[in-house]
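Welcome! Please take a moment to look over the sequence and the 3D view below before reading on.

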Amino acid sequence: MWYQVFKYVLLGPLLRLLGRPTIEGLENIPARGPAILASNHLAVMDSFFLPLMCPRRIYFLAKAEYFTGTGLKGGFQRWFYTAVGQIPIDRSGAEAAAGALTAASRQLEKGELMGMYPEGTRSPDGRLYKGKTGLARIALETGVPVIPVAMIGTNKFNPPGTVMFRPTKVTVRVGKPLNFDRYEGMQGNRFIERAVTDEIMYELMRLSGQQYVDVYAASLKERTPADAVESKPAA
C-alpha cells in the first residue's frame, strides 16, 4: 500500500511536474515474471524515476544503515526506503557480496523485478564506468533475463552533491532483454562473468550515449581532488 501512496500521492506527482519524465521501450519490460533491470547510475533520483515510470514494482538493494536509524528521523527513513521498494543488505565485511546475491535471488525467485546498478555507485562526472560482475553472477545463477535501462537527465535534475530539484526533462530508455542461456552451467567463472558484464555495459553505453570509461567509478572517487580534476574531460 505504501508503495502506491509514494508513487501516486506523495513524491510521484512532484517528479512528474518537475521532471516531465517519459519512457521509451516500455514493451521490453515483461508484464509478469522475474527480470533484472540493469541501469546506469547518474543520480540518487534514478531509483525514483525508474519505479515511477514502470507499471510493475521494482526492488532495489540498499545499505542496512538506512533501516536502523532511531528517533523520528530514523523511523521516517525506514518507512520511506521500505515504501519505495528498497531491500536492506549489510554491505560491510567479507559476506557482503553473498548477502546481496541471496537477497536479490530471493526476490527473483518470487517473480519480481530487481533494479541494479552494475557500476556499483553513481557516476562522478556523467560518464559510464566499468561494471562490476555481481549483477552478472546473479543473472547466471538465476537464469533470468537482464534488461538494460538508460537513465537520461537525472544528473541535471538532481546534480551530485545537491538536495534541491532542478526542473529538467528526464527520459527512461529501456533496451531489449539480454539472455545469457548460452552460458548455462558456467556461473562462477570470472571470465564468463566479465564477458556478461561487458555486454551489459555496451548496451547501456549504446542506449545512454554516454562516454565509456574502462575503470571503476569507485576508484575514481577515492582519488585526491587534484587527481580527479586532472582526469575530468575537457569541456
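This report walks through the chain as a whole, then a strand, two helices, a loop region and a pocket.

## The chain at a glance

A good thing to know at the start is that this is a predicted model. The protein chain holds 9 helices and 9 strands. Of its 235 residues, 47% are buried.

The contacts tell us something about how the chain folds back on itself. If we take the contacts between residues at least 6 apart in sequence, 78% of them join residues at least 24 apart.

## A strand covered on both faces

Let's begin with strand β2, which spans residues 35-39. How many of the residues of this strand are buried? The count is 5 of the 5, so β2 is largely enclosed by the rest of the structure.

In a regular strand, side chains alternate between the two faces of the sheet. For β2, one side carries A35, L37 and S39, while I36 and A38 are on the other. Residues on both sides are buried, and both faces of the strand are therefore covered.

Which strands pair with β2? One of them is β5 (residues 113-116), joined to β2 in the parallel sense over 4 bridges. Here A35 stands opposite L113. The other is β7, and this pairing is also parallel, over 4 bridges. At this side of the story, S39 of β2 stands opposite V149 of β7.

## An enclosed helix

Helix α2 covers residues 46-53. Is this helix largely enclosed, or largely open? With 8 of its 8 residues buried, α2 is largely enclosed by the rest of the structure. You can find them in the view as D46, S47, F48, F49, L50, P51, L52 and M53.

## Two residues of helix α4

Helix α4 runs over residues 96-109, and S105 is part of it. The relative accessibility of S105 is 13%, so this serine counts as buried. Its side chain reaches the backbone oxygen of L101 at 2.8 Å. Setting aside neighbours within four places in sequence, S105 is in contact with I138 and T142.

L101, the partner in that polar contact, is found in α4 too. Is L101 buried or partly exposed? Its relative accessibility is 22%, and because buried means under 20%, L101 counts as partly exposed. The C-alpha atom of L101 is separated by 9.9 Å from that of A139, a residue 38 places away along the chain.

## An exposed residue in helix α7

Further along the chain is α7, the helix of residues 190-208, which includes F191. This phenylalanine has a relative accessible area of 58%, so F191 is exposed. Between the C-alpha atoms of F191 and T133 the separation is 9.8 Å, with their positions 58 residues apart along the chain.

## Two loop residues in contact

R20 is found in the loop between α1 (2-19) and β1 (22-24). What is unusual to look for in its backbone? R20 has a positive phi of about 40°, although this residue is not a glycine. Its relative accessibility is 44%, so R20 counts as partly exposed.

T168 sits in another loop, the one between α6 and β8 (171-174). At 18% relative accessibility, T168 counts as buried. The side chain of T168 reaches the backbone oxygen of R166 at 2.9 Å. Not counting residues up to four places away in sequence, T168 touches L18, G19, R20, G153, K156 and F157. R20 is thus one of the residues that T168 touches.

## The second largest pocket

T168 also belongs to the lining of the second largest pocket. About 160 Å³ of space lies in this pocket. Which residues line it? They are N40, L42, G126, M151, I152, G153, N155, K156, T168, K169, S208 and Q210. Two elements give two or more residues to this lining: β7 (146-152) and α6 (154-157).

What is the make-up of the lining? It divides into 3 nonpolar, 7 polar and 2 charged residues. Two of the lining residues, G153 and K156, are also among those that T168 touches. The pocket also brings us back to β7, the strand that pairs with β2.

Conventions
Residues numbered from 1 in each chain as written. Predicted model: local features only at pLDDT ≥ 70, side-chain atom pairs only at ≥ 80, totals over all residues. Heavy atoms only, no water. 1 Å grid on protein atoms, 1.4 Å probe; cavity = no way out; pocket = protein on both sides within 12 Å on 5 of 7 lines; lining within 4 Å. Points joined across faces, edges and corners; volume = space filled by probe spheres on them. Nonpolar A, V, L, I, M, F, W, Y, C, P; charged D, E, K, R; others polar. Buried < 20%, exposed > 50% of the residue type's maximum accessible area, 1.4 Å probe, protein only. Pairing = 2+ DSSP bridges. Polar contact = N/O pair within 3.5 Å; in protein donor to acceptor, adjacent residues only side chain to side chain. Contact = heavy atoms within 4.5 Å.
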